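Thanks for making the time this morning. Please have the sequence and the model open in front of you, and I will walk through a few places in turn.

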Amino acid sequence: KERGWRPLGLEPSQHAAEYARGLGLEIEQCFLERDTIEHYRGRFDVVNLSKVLEHVPQPATILELAASTLRPGGIICLVVPNDYNPLQLALRDGCDYDPWWVAPPHHINYFNPDSLSGLVERCGFEVLVVETTFPIDLFLLMGENYVADGSLGRACHAKRKALELNLERAGRSDLKQALYQSFAEHGLGREVVLYARLPA
């Protein structure tokens with residue numbers, strides 16, 4: 001909003017919708033589904049689905065519905081957990097960690113950069129950028145067991161934030177982006193962040 005966008009949020013949770021409205025955001029309490037989609041057809045330049053696809057029974061259907069809300073050439077941004085990544089598998093197989101990232105019934109789909117890219121392409125989008133967020137699991141491999149100790153998790157998160165903020169202060173956001181795109185090429189990183197375009 002502060003940068004000139006006219007955002008609209010679709011939020012199924014009444015509590016979350018009310019909270020967001022309290023922040024001054026325009027929110028409609030509804031699901032992104034066929035019964036409600038006609039009102040939004042071709043209306044948006046950008047759709048952001050952050051931490052959605054891992055929760056829904058048919059992620060391809062959600063992507064198709066999102067595509068129908070975009071204008072030709074519109075952009076979609078997706079964020080999903082990067083589960084079963086090589087660091088998690090190393091922790092499971094070599095360090096006796098149980099797969100803490102498996103979270104039924106809340107997470108019913110599990111993605112990595114390749115599987116998310118393939119799904120997005122099958123749904124008619126052109127993938128533009130794939131990157132990941134910081135591979136926080138590195139701290140586990142260094143002996144910081146934040147899975148067992150929540151206070152360690154907060155400390156590790158603070159270190160990750162410091163890294164990113166210090167790169168920004170140094171004017172090196174380009175380095176951060178290149179680093180995170182490189183992580184994605186190797187399947188590393190806590191979350192996959194993907195940008196794609198709907199063909200014009």
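Asn109 sits in the loop between α4, residues 86-95, and α5, and I should say straight away that what we are looking at is a predicted model. Is Asn109 buried or exposed? With a relative accessible area of 16%, Asn109 falls under the 20% cut-off and therefore counts as buried. Its side chain reaches the backbone oxygen of Leu53 at 2.9 Å, and, if we set aside the neighbours within four places in sequence, Asn109 is in contact with Leu53, Glu54, Val56 and Pro59.

Let me step back to the helix before that loop. In α4 the buried residues are Leu87, Gln88 and Leu91. Looking down the axis of α4, these buried residues fall within an arc of 105 degrees, so they line one face of the helix. On the other side of α4 we find Asp93 and Gly94, which are exposed, while the buried residues pack against α6, residues 137-141. As for the ends of α4, Asn85 caps the N-terminal one, with a side-chain oxygen lying 2.9 Å from the backbone nitrogen of Leu87, and the helix is followed by Asp96, whose phi is positive, near 60 degrees.

Now to the helix after the loop. Pro113 lies in α5, and at 5% relative accessibility this proline counts as buried. Which residues does Pro113 touch, once its neighbours within four places in sequence are left aside? They are Asn82, Val130, Thr132, Ala184, Gly187 and Val192. In addition, Pro113 and Glu131 are 18 residues apart in sequence, and their C-alpha atoms are 7.8 Å apart in space.

Two of those contacts, Ala184 and Gly187, bring us to α8, which runs over residues 173-185. This helix has 13 residues and reaches 18 Å from its first C-alpha to its last, close to the 18 Å expected at 1.5 Å a residue. Its buried residues are Tyr180, Phe183 and Ala184. Seen down the axis of α8, they fall within an arc of 100 degrees, so here again the buried residues line one face of the helix. What do the buried residues of α8 pack against? Their partners are α5, residues 113-122, together with β5, residues 126-132, and α7, residues 150-169. Gly187, which follows α8, has a positive phi, near 75 degrees.

Next, please turn to Thr69, in helix α3, residues 59-69. At 3% relative accessibility Thr69 counts as buried, and a polar atom of its side chain lies 2.7 Å from the backbone oxygen of Ala66. Not counting residues up to four places away in sequence, Thr69 touches Leu32, Ile37, Tyr40, Arg41, Gly42, Arg43, Phe44 and Val47.

Val47 also leads into my last topic, since Val47 is among the residues nearest the centre of the largest pocket, along with Leu8, Gly9, Leu10 and Asn48. The volume of this pocket is about 1,300 Å³, and 32 residues line it. Which element gives the most to that lining? It is β3, with 7 residues; β1 (9-10), β3 (44-50), α3 and β4 (70-81) each supply at least two.

That is where I will stop, and I am happy to go back to any of these places.

How values were computed. Residues are numbered from 1 along each chain as its sequence is written. This is a predicted model: local features need pLDDT of at least 70, side-chain atom pairs count only at pLDDT 80 or more; totals for chains, interfaces and linings use all residues. Side-chain values use heavy atoms; hydrogens and water are left out. Helices (H or I, at least four residues) and strands (E, at least two) are DSSP runs, numbered from the N terminus. The expected span of a helix is 1.5 Å times one less than its number of residues. Buried means under 20% relative accessible area, exposed over 50%, partly exposed in between (1.4 Å probe, protein chains only). The arc is that of the directions from the helix axis to the C-beta atoms. Contact means heavy atoms within 4.5 Å. A polar contact is a pair of N or O atoms within 3.5 Å; within protein, one must be able to donate a hydrogen and the other to accept it, and residues adjacent in sequence count only if both atoms are side-chain atoms. On a 1 Å grid over the protein atoms alone, a cavity is a set of points where a 1.4 Å probe fits but cannot get out, and a pocket is an open set with protein on both sides within 12 Å along at least five of seven lines; lining residues have an atom within 4 Å of a point. Grid points are joined across faces, edges and corners, and a volume is the space filled by probe spheres set on the points.
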